[in-house]
Amino acid sequence: MFSLSLVEFWRHTYTMVYDTGVAEAPKQQGKPFAIFVCWLLGNGSLFAWNSMLTIEDYYVYLFPNYHPTRVLTVVYQPFAVTTIAILAYREAKSNTRQRNLFGFILFFFSTLALVILDVATGSKGGIGPFIGVCIISACFGVADAHVQGGMVGDLSFMCPEFLQSFMAGLAASGVLTSALRLITKAAFENSQNGLRKGAMLFFSVTCFFELLCVFLYAFVFPKIPIVKHYRMKAASEGSLTVSADLVAAGIQHNSDNAAEEDPKRFERLSSKDLFLQNMDYAISLFLIYVLTLSIFPGFLSEDTGSHSLGSWYALVLIAMYNVWDLIGRYVPLIPSIKLTSRKGILIATLSRFLLIPAFYFTAKYGDQGYMILLTSFLGLSNGYLTVCIFTEAPKGYKGPEQNALGNLLVVCLLGGLFCGVTLDWLWLIGKGW
């Protein structure tokens, strides 16, 4: 009797463990691969724009009188901010799949247009070609708003590692483009039309990478088991943005019947409520990028004086910023040094404004070693605080609310970028321009 009860006990225990394992399997299946794909998609979200920024020496050569590094950024940001504001307002009913694919495809065709424009004009300067480059910069802004807001919203209701990897990919795009630019500059520096050859190779690689992102998002990412699990979970909580991605993964989900059975399960906070509850995160994110973009890349490209590195100096500064920005986005993976306190994040954000006088006096009186050190810290703190905010803010909300909050945070990020690049012109005023 006792032995029979013992057998039944172990049989019941095994069944529970087996059933739980089957139920839990999709939550982890394919996770490392999904993290890698998120990293690649993060790269693709800024690879084209970083390519344009990184070949600033070529555009300064073509358009020396138009301050291309600053103007292109100022053109880019209003289109990005306006587009993300409209998309964030309509996020609850938007088709995330169409939104992200449109963004990646627009990145591809805009980059291709830069190559065509350069070939058609024979690499000549002037106001006409410069206006053409500015129009393409605006297209990059529209594409960025579609992809960055869509991907952050989508990944906000998945595991934090996906969002961290995507954010690291954004920074990695800067590192890759900087490395590629240094290689092409060294390879073509002594050849005829070396700047142009390097730029054309640059944009050819960018076109290929954007096509790769279109393929990954359209055919690979939706079919990863762990991604399907999180999207099904979000759909069960009332999310309408994942429907097309579930269909692409071969899953049919009818949310109307579920809403009729349990309407309270589909209730969610409004975007206004989400913003008010997370205003400190929003303000911190806005201020982080106001400061960063008031210094990078315009000030680092034009206002740091002449040093022994010569024409390599600006490229080295931009490369150091990008490398440390990437490192900063991996630091929060160490739990013991990840900043989770909302008050601590706000204090750290405000403390970064001490970098403004530090950069000013270093550019005026310091040598290149101190400038490289400051630039590295600017990148490290930017990446670290960005990941801390984006991974902490969505915790405790339903899937649709996390998606909405992710979009709102991207609005604040791009708003900070826009204000930062506008304030960047104050450095010129300070020089008496």
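Salt bridges, confidence and cavities in a predicted model

Modeller: In this predicted model, Glu-91 and Arg-268 form a salt bridge, with 3.1 Å between the closest N and O atoms.

Colleague: Why is the contact of Glu-91 with Arg-268 called a salt bridge?

Modeller: The rule asks for a side-chain nitrogen of Lys or Arg within 4 Å of a carboxyl oxygen of Asp or Glu. The closest N and O atoms of Glu-91 and Arg-268 are 3.1 Å apart, so the pair meets the rule. The count by this rule comes to 11 salt bridges.

Colleague: What makes the pair of Glu-91 and Arg-268 a tie between parts apart in sequence?

Modeller: Glu-91 is in the loop between helix 4 (68–89) and helix 5 (96–121), and Arg-268 is in the loop between helix 11 (255–261) and helix 12 (271–277), so the parts tied together are 177 residues apart in sequence.

Colleague: How do you know whether Glu-91 is buried or exposed?

Modeller: Buried means under 20% relative accessible area. Glu-91 has 3% relative accessibility and therefore counts as buried. Its partner Arg-268, at 30%, counts as partly exposed, because that class runs between 20% and 50%.

Colleague: What makes Lys-338 and Glu-392 a salt bridge, and where do the two residues lie?

Modeller: Their closest N and O atoms are 3.0 Å apart, and the limit is 4 Å, so the pair qualifies. Lys-338 lies in the loop between helix 15 (313–330) and helix 16 (342–351), while Glu-392 belongs to helix 18 (residues 368–392), so the pair joins parts 54 residues apart in sequence. Lys-338 has a relative accessible area of 18% and is buried; Glu-392, with 12%, is buried too.

Colleague: Which salt bridge does Lys-395 form, and why is Lys-395 called partly exposed?

Modeller: Lys-395 forms a salt bridge with Glu-392, again with 3.0 Å between the closest N and O atoms. Lys-395 has 48% relative accessibility; exposed would need over 50%, so partly exposed is the class.

Colleague: Which residues are linked in a network of salt bridges?

Modeller: The network links Arg-97, Asp-154, Arg-231 and Asp-245.

Colleague: What is the confidence along the chain, and which elements have the lowest and highest mean pLDDT?

Modeller: The chain has a mean pLDDT of 84, and 85% of its residues reach 70 or more. Among the elements, helix 1 (residues 2–28) has the lowest mean, 43, and helix 16 the highest, 96. Over residues 1–24 pLDDT stays under 50, and the model has zero contacts beyond four places in sequence for them.

Colleague: How many cavities are there, and what lines the largest?

Modeller: The count is six cavities of 30 Å³ or more. The largest holds about 350 Å³ of space. Its lining has 25 residues, with Leu-46, Asn-50, Tyr-289, Leu-293 and Leu-417 nearest the centre. Among the helices that each supply at least two lining residues are helix 2 (31–54), helix 13 (279–295) and helix 19 (399–423). By class, this lining has 14 nonpolar, eight polar and three charged residues.

Colleague: What makes up the lining of the second largest cavity?

Modeller: That cavity has a volume of about 80 Å³. Its lining has 13 residues, and Tyr-59, Leu-62, Leu-117, Asp-118 and Val-133 lie nearest its centre. Helix 5 gives the most to this lining, with four residues. The lining divides into 10 nonpolar, one polar and two charged residues. Asp-118 is charged by class, because Asp counts as charged.

Definitions and conventions: Residues numbered from 1 in each chain as written. Heavy atoms only, no water. Buried < 20%, exposed > 50% of the residue type's maximum accessible area, 1.4 Å probe, protein only. pLDDT = per-residue confidence, 0-100. Contact = heavy atoms within 4.5 Å. 1 Å grid on protein atoms, 1.4 Å probe; cavity = no way out; pocket = protein on both sides within 12 Å on 5 of 7 lines; lining within 4 Å. Points joined across faces, edges and corners; volume = space filled by probe spheres on them.
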